[in-house]
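Colleague: Could you walk me through the labels attached to this model? I would like to see how each one is reached.

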Amino acid sequence: MAIAKPTTEQPVENRPILSYPAAELLSHERFQVGAHLLVAFFALALGIIMGPFQTFRRSPWLQTVSEDLIGQPITTPIFTYYYQALTLHGVLNALVFTTFFIMGISYFVVQRSLQRPLKSTVLLWISFWLMTVGLVLTAWAIVTGQANVLFTFYPPMLAHWAFYAGLVLVIVGTWIGAYNVFRTYLGWRDDNPGERVPLATYGILANFVMWFTASLGVAVEVLTMLLPMSLGMVDTTDPQLARVLFWFFGHPLVYFWLIPAYISWYTMLPKQLGVPLFSDTMARIAFAMIAIFSIPIGVHHLFADPGVSETAKIYHSALTYVVAFPSLLTAFNVAATIERSGRKRGATNLIDWTWKQPWGNPVVAAQFCGMFLFIFGGISGIMNASFNMNQALHNTTWVVGHFHTTLAGAVFLTYISILFWIMPMIRQRKLWRPRWATAHVYTWFFGMLMFAGFMGRGGMAGATRRTDMGAPGAYFSPEIAMWMNWTALSGMILLVSSFLLYAVIFGTLFASEEKATVNAPIQKDTPNEFIPAFLENWRLWAFIIITTNVVMWLPVLINSIDLVNGFWSLGYPGAAR
Amino acid sequence: MSENKIHIDEYEARWIVISSAVLGVFFASLLLGAVLFNVNPPDSTSTVNPLKLDETIFANPGVRHMGGNQYDVVILAKMWGYTPTEIRLPVGAEATFHVTSLDIIHGFYIEKHNVNFELIPGHVAETRVTFDEVGEWRILCHQYCGRGHQIMHMPLIIEDTDAEAVALDAETGQE
C-alpha cells in the first residue's frame, strides 16, 4: 500500500497497522478534506446570506420602514428576485454545502478510524471534480436566472438543462465516493477478520448504503423525465410520478445530513468530553434502523397529493413513527454519555450534570445547542408526519420552522462544531478568537430557536411557505403579519451570527499565528462489549432494504402511473423565469 | 466480549418501552382521528387529461347546488389564479370540492379550515367540507408556481343565508 507519510510508532497489538499521528494531518488528508470544506463553505457563504434577507422581505413592518427610509422595498442582496434567492438558499445550503461537507468528513473519519488510507486517491479526486463541475453547472443555471425552480424542482415547471445535468454529476460523484469508502472498508475487513468495525465508520457505511439506495429515485426522475424534457426531447411529463420519485429520495436525504451529526455525537463528543460512550451497540442499532427505515416513509411528504392513496399515506405515517425510534435511542444514549461527563465534572444530583459541562467550549457547545434544537425538530417532525395533523400544517411556514431546527439547527451546528476542530488541523493554526466562535454558536442557537418558533406560529395562523410576501398583491392577515415581523428580528440575529462565523473562518485561515494542538476526536477501537455480527451483514441489510421498499413504494409507484391520463402535462420553462 | 448477548441497560430498557408506548399512542390517536372525526388526507380518486379539460367538469368551473345543503364546487387553478375568482356559499353548506390544475403544480389551502392540497395536473383533488361559520377566508396557493405565485389567492365568503331554505326553494323551483 502506498501511503503519503505513515508513522509506525503505535502498533496496536499484533496488527501491522499504520497509525496516523493524532495532532497533525498528513498532507494528503489536508488536501482531501480541505478541498471539500473549501467548496462547502464557499457555497454556504452565498446561500446563508439569502436567509436573513428573506425574513426582512417578508416583514410588512420592515417593508414600510424601508419605503420611508430608502424609498423602495427590501430585496435579497445581489439576486433581487425572491424566488431566485430562495432557490440559491435551498440548493447551496441544503444540497451543495451538506454534500461536499459530508464527503470530505466521511473520507477523513474512515481513514482515521480504520487507520488506513482510502482505496484510491484517483477515485477521490474524480468524485470531487465531478461534484465541483456539477456545482458550477447548477449554480450557473440559477445565477443566470434560468432555474428559479427551488430545490425541489417539481415538473412541469422546467429549468435550464444545465441545472439538472449539474445535479446528476453531483450525485454520480457521491456514488464514486461511496464506492471508494466501501472498497476501503472491505480492505480493512480482509485484514481484520472477526473484528468489529469502529462505530464512526459503521455510521458512514450505513449512511452511504442508505444514500445510494435513495438517490436512485432522483436519478431516475432526472435522467428519464427532467433532463430529456429540458433538452426538448419530449414535450410532456407526469408530475405526480416525478413527485413520487423525488420523495423516494427526499426523506433519506435529510438523514444523509443527520447521520454525520449523529456520528459526531456518538464518537466525537465522548472524546471531547473525556468519557466513554454509554452504549456502542445501541448506537449501531440506531444507525442500522435509520438506514433501513428512512426510505420507506417518504410518502409523508406527499400527504396532500391527490395521486397517492390514503392507504399508502397511513402505512408510511406508521413507519415514520418507527424511524423516530432510533432518534429516541440516540437521545437516551447521548444524554447518558453527557451525564457521565457531568458526573466527572462533579455533578451529584438529578439535574446538575446538565450545567456542569464545558458550555464555553465552542466545539462542545455547538453540539449541545444543536441537540437542544433537535428536540423541537423531532417533536415538530412527528407532528408533520401525522397524516391528519399535516392537513393543518402542510406547506405553511410551520414546515420551514421545522426543518430549520433540524437542518439549520442540529445538523448545521454539529457541522460547525466539526469545522471548529478540523479547520485548525488543516490550517495547522489555532482557532482564531474562540470567543467569537462561541458567540456565533449561541447567537445562531437563539436566532434559530426564535425563527423556528415564529415561523411555526405563522404557519398555524395560515402563512404559506415559499411565498414572496414582500411583493405587491401578496395576502396578509394581521396575525400572519405579526409573526412575519418577529421572524425578521430573528433574521437580524442570524445575520450577525453568520458574520461571526465567517470572521472566525477567515481569521483562522489568514490571521491565526499560533500552532494548532488539536487532536482528531476519532474513535479507533471498539469497546469491550458484545456487538452482534448481523449488524455488519450488508447482504442482510440490502435484502431488508430492497424488500421494505418494494412493499412500501411499489404500490405508490403503480398508483401514480396513470396510463390513460398520465404523461400529458406540458412542460413550462417560462414559469420559472 | 463479556457474554454473547446485547447488553441493554436497565434504564435504557425502560426508555425503549416508554418511547414505543408513546409512539404507539400517537399512532392510535391518528387512526381514531381518521375514523371518529373523519380527518383524512386526500385519497387518490380520479384523474383527468390536462390537455382535454374541456371535456370534463372543469370546462365550467363554479359552485353548483345539488339539493339540500349539498354543493359541488369545481375549481380550476392555473398560473396565477383560480377560476372562478371567488367562492360564495351559504352558512351550513356542505360543499364537495373538485380541484385540479391546468398547467403546473399549484396549491390549494383554505385558511383555518384544514383544507390542504397539492394540485397536480392530471389528478383531481376532492374533499368535503361543512361551513358552519359566517365570514370571509382566503383560499391560497401554497406551492411555488412561478413569478406570480404570491398573487394567487381568492376569497371564500360564507354568507348568512340559510342553506336549507335555499334548498327548499330549489326544490319548489322558486330560488
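Modeller: Happy to; we can take a helix, a buried residue and then the interface.

Modeller: This is a predicted model, where local features need pLDDT of at least 70 and side-chain atom pairs count only at pLDDT 80 or more, while totals for chains, interfaces and linings use all residues. Residues are numbered from 1 along each chain as its sequence is written, chains are lettered from A and ligands numbered from 1 in the order in which they are written, and side-chain values use heavy atoms, with hydrogens and water left out.

Colleague: How do you know that the span of helix α4 of chain A agrees with its number of residues?

Modeller: Helices are DSSP runs of H or I with at least four residues, strands are runs of E with at least two, and both are numbered from the N terminus. The expected span is 1.5 Å times one less than the number of residues. For the 23 residues of α4(A), 121-143, that gives 33 Å, and the end C-alpha atoms are 32 Å apart, so the two agree.

Colleague: What makes Ser120(A) a cap of α4(A)?

Modeller: A side-chain oxygen of Ser120(A) lies 3.3 Å from the backbone nitrogen of Val122(A), at the N-terminal end of the helix. A polar contact is a pair of N or O atoms within 3.5 Å; within protein, one must be able to donate a hydrogen and the other to accept it, and residues adjacent in sequence count only if both atoms are side-chain atoms. Just after the helix, Gly145(A) has a positive phi of about 75°.

Colleague: Why is Gln63(A) called buried?

Modeller: Buried means under 20% relative accessible area, exposed over 50%, and partly exposed in between (1.4 Å probe, protein chains only). Gln63(A) has 9%, so it is buried. This residue sits in helix α2 (residues 60-70) of chain A. Beyond neighbours within four places in sequence, its contacts (heavy atoms within 4.5 Å) include Phe56(A), Pro73(A) and Gly470(A).

Colleague: What makes Lys112(B) and Glu479(A) a salt bridge?

Modeller: The term asks for a side-chain nitrogen of Lys or Arg within 4 Å of a carboxyl oxygen of Asp or Glu. Their side chains meet at 3.1 Å, N to O, so the pair qualifies under that definition. The count between chain B and chain A is 2 salt bridges.

Colleague: How many residues does each chain bring to the contact?

Modeller: Chain B brings 61 residues and chain A 77.
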